[in-house]
Amino acid sequence: MPLTVGTAGHVDHGKTWLVQALTGKDTDRLPEEKRRGISIDLGYAPLDLPDGRRLSLIDVPGHERFVRNMVAGATGIDLFLLVVDATEGPRPQTHEHLAILRLLGIEDGVVAVTKTDAVGPERVEAAVAEANELVPDAEVVAVSAAKETGLDELRAALARAADRREQRSGELPTRLFVDRVFTLRGIGTVATGTLWSGSIGGGDELLIEPRGRAVRVRSVEVHDLPVERAGPAQRVAVALPGLERTELRRGDALVEPGAYPVSFRLDVVLEELEPIPDGARLQVHHGTAEIPARVVRIGSRYAQLRLASPAVSARGDRVVLRRETTIGGGLVLDPSPQRSLDEARLELLEQGDAASIVCALAFEPVRTRDLAARALLAPSELAAGIADLERSGDWVYSADWLHAERERVHARLTEHAERSPLEPGVALGELLPAEWADDLVPRLGIEQRGGRAYAPGTTASLGERGEAAAALEALLAEAGTGTARVDDPELARYLEAEGRLVRLGDGRAVSREAYAQARETLIAECEREGRITLARFRDLLRISRRPAQLLLERFDVDGVTRRVGDERILRRAGTRSG
């Protein structure tokens with residue numbers, strides 16, 4: 001059963017020395033780490049247990065300046081190996097690292113009291129007692145990396161912790177958060193990370209999220225050994241041909257296409273180490289990514305994290321919230337929520353049963369495949385939850401949502417019709433999201449005409465604009481074919497729909513009678529001469545150049561004429577009828 005162990009503890013408490021003593025590998029690979037004698041970035045090594053099992057071990061930096069690197073490593077682990085120096089006891093990063101582990105839901109592990117060769121037996125006994133008090137549920141083992149004492153006992157304790165740890169599900173879609181990217185001669189770009197779920201093998205087609213870049217896996221290794229397929233919780237290196245190193249970075253995720261939502265928002269239930277005020281700006285650590293965000297609180301326990309860049313998340317993921325230090329964390333309830341904040345919906349999500357999850361995520365229309373990605377339920381659980389929902393085409397949604405949306409839409413249409421009787425319809429794009437409008441309009445009890453929505457039985461009317469309409473028609477009658485300016489475009493659109501005027505460009509119009517007269521004149525001239533110029537048309541109507549040009553442009557639009565150079569000719573459809 002592959003599992004990943006992560007170290008934790010204060011700087012210079014001997015984490016890297018202990019890892020080297022356990023595995024034979026020095027995980028400090030950077031020149032600066034060698035020069036300064038402290039870990040700066042994440043290190044990796046295989047750890048063999050007495051029963052033949054092999055664990056993956058991640059060594060994290062202990063310095064407070066590199067806590068962000070520690071979180072990036074800790075988010076992929078199953079067990080912790082907390083290191084406490086016998087000469088110093090627990091220190092600030094001991095407590096912060098332990099808090100981060102708890103926020104990430106990593107509850108099982110072992111405490112190693114190190115450097116026991118540097119103190120007497122009484123101090124070792126006291127240090128072990130302090131560690132027992134600090135982490136009551138973990139085994140505590142006294143060790144010395146320098147003298148190589150206690151290492152077998154530590155491996156045995158880690159084996160017992162591994163026995164208690166449930167294996168991650170290989171049935172979930174593939175997701176690997178990248179923590180390191182490099183290039184190898186003859187291989188190309190290589191990405192490493194802890195496989196959170198699913199499996200990866202050569203030939204797999206994956207997406208780099210959140211950028212949506214498609215890649216193909218050439219080969220896979222686990223701790224420098226080639227494998228056909230890597231399973232969940234293993235440390236994995238994947239070769240990605242055709243990908244530049246600059247196209248991938250720590251924080252990106254390699255995922256099964258379409259399996260996980262990518263969103264700028266996360267709805268979470270909070271766990272606070274110190275009060276987190278509404279509107280607080282902080283850093284969200286998720287996977288191996290660190291993302292600036294703003295907190296929008298929902299009630300006393302929930303929050304929506306509005307992210308500066310998108311996250312690749314799933315229900316049940318845990319995030320760590322930090323400013324200068326760690327201030328709390330959150331359990332992701334909805335990985336792709338809308339902006340609307342609903343405490344009751346989040347309470348349903350927190351209940352955790354399949355029906356509650358599906359209903360809460362479908363509080364507005366959602367496609368079945370997207371619902372599956374957000375819910376991460378087994379197919380049978382998802383199907384059972386969907387059975388209780390309304391459906392239309394590819395969309396599913398709750399009956400409560402449909403009722404509320406129907407009331408909202410009808411109220412909006414009624415209010416608009418009272419305010420604008422000339423055009424009582426509202427553009428569908430303003431009323432409903434375009435992606436599901438066609439499927440849902442029939443279920444909302446509204447009428448759709450020409451891309452606009454209307455309350456049932458609603459028709460346009462002049463209302464109190466009758467006098468304005470009469471005045472405009474009188475002005476047009478006086479202007480004849482000379483056109484007149486229209487200062488009320490809404491009224492003009494209504495009168496044109498009623499067949500009482502014809503709108504032209506530049507906010508001008510002519511009466512229907514004047515339009516018909518100009519059209520007859522145009523057709524007669526074209527049938528006689530074969531074509532007509534702007535100047536000839538102007539002279540025939542005895543109007544100025546600009547009105548003549550606007551009329552000709554309208555005839556082009558109406559399909560009466562076609563422009564050829566500086567002349568117009570009749571289209572084949574252009575006749576005296578119409």
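1. Two strands count as paired if DSSP finds at least two bridges between them. By that rule β26 and β28 (residues 452-454) pair in the antiparallel sense, over two bridges. One bridge sets Ala-427 opposite its partner in β28, Arg-452. Please keep in mind throughout that this is a predicted model.

2. The sheet around that bridge has three strands. It is open, its order is β26-β28-β27, and the pairing is antiparallel. β26 (426-427) and β27 (447-449) are the edge strands, each pairing on one side only.

3. Another open sheet of three strands runs in the order β23-β25-β24, again with antiparallel pairing. Its edges are β23 (366-367) and β24 (390-392), and each of these pairs on one side only. β23 meets β25 (residues 395-397) over two bridges, in the antiparallel sense. Look for Val-366 here: Val-396 of β25 stands opposite.

4. Now the aromatic residues. How many aromatic pairs does a search of the whole structure find? The search finds five. In one of the pairs, the ring centres of Trp-401 and Trp-436 are 5.5 Å apart. Their planes stand at 85 degrees, so this pair is edge-to-face; the cut-off for that class is over 60 degrees.

5. The two tryptophans sit in separate helices. Trp-401 belongs to α11 (residues 399-419) and Trp-436 to α13 (residues 434-440), so their pair ties together parts that are 35 residues apart in sequence. Trp-401 is buried, at a relative accessible area of 11%. Trp-436 is buried too, at 6%. Tyr-397 joins Trp-401 and Trp-436 in one aromatic cluster.

6. Strand β22 (326-334) deserves a look. Eight of its nine residues are buried, so β22 is largely enclosed by the rest of the structure. β17 runs antiparallel to β22, and six bridges join them. Within this pairing, Val-269 has Leu-331 of β22 as its bridge partner.

7. β22 also pairs with β21 (residues 318-322). Those strands run antiparallel and are joined by five bridges. Here Val-319 is matched with Gly-330 in β22. The connection from β21 to β22 is a hairpin through three residues. As a general reminder, side chains in a regular strand alternate between the two faces of the sheet.

8. Helix α7 (residues 343-351) comes next. Which of its residues are buried? Arg-345, Leu-346 and Leu-349 are. Seen down the axis of α7, the buried residues fall within an arc of 95 degrees, so they line one face of the helix. Note that an arginine, Arg-345, is among them.

9. What covers that buried face? The cover over the buried residues of α7 includes β17 (262-272), β19 (289-298), β20 (302-312), β22 (326-334) and α8 (354-361). Both β17 and β22 appear in that list, and these two strands are the antiparallel pair with six bridges.

10. Check both ends of α7. At the N-terminal end, Asp-342 acts as the cap: one of its side-chain oxygens lies 3.0 Å from the backbone nitrogen of Ala-344. Just after the helix, Gly-352 takes a positive phi of about 90 degrees.

11. The largest nonpolar core has 32 residues. Met-70, Phe-80, Leu-82, Leu-101, Val-111 and Val-135 have the most contacts inside it. At least two core residues come from each of α3 (67-74), β4 (79-85), α4 (92-103), β5 (109-114) and α5 (121-134). Apart from this core lies another, of 25 residues, which includes Val-19, Leu-79, Ala-112 and Ala-159.

12. Val-135 is a useful entry point to the largest core. Leaving aside neighbours within four places in sequence, Val-135 is in contact with Phe-80, Leu-82, Leu-98 and Val-111. Three of these contacts, Phe-80, Leu-82 and Val-111, are also listed with Val-135 among the residues with the most contacts inside the core.

13. Last, Glu-525. This residue is placed in helix α16 (residues 512-529). Is Glu-525 buried or exposed? Its relative accessible area is 4%, under the 20% cut-off, so Glu-525 is buried. Not counting residues up to four places away in sequence, Glu-525 touches Gly-530, Arg-531, Ile-532, Arg-536 and Leu-540. Two arginines, Arg-531 and Arg-536, are in that set.

Conventions:
Residues are numbered from 1 along each chain as its sequence is written. This is a predicted model: local features need pLDDT of at least 70, side-chain atom pairs count only at pLDDT 80 or more; totals for chains, interfaces and linings use all residues. Side-chain values use heavy atoms; hydrogens and water are left out. Helices (H or I, at least four residues) and strands (E, at least two) are DSSP runs, numbered from the N terminus. Buried means under 20% relative accessible area, exposed over 50%, partly exposed in between (1.4 Å probe, protein chains only). The arc is that of the directions from the helix axis to the C-beta atoms. Contact means heavy atoms within 4.5 Å. A polar contact is a pair of N or O atoms within 3.5 Å; within protein, one must be able to donate a hydrogen and the other to accept it, and residues adjacent in sequence count only if both atoms are side-chain atoms. A nonpolar core is a set of buried Ala, Val, Leu, Ile, Met, Phe, Trp, Tyr and Cys residues joined through side-chain atoms within 4.5 Å. Rings of Phe, Tyr and Trp (its six-membered ring) pair if their centres lie within 6.5 Å; planes under 30 degrees apart count as stacked, over 60 as edge-to-face and the rest as tilted.
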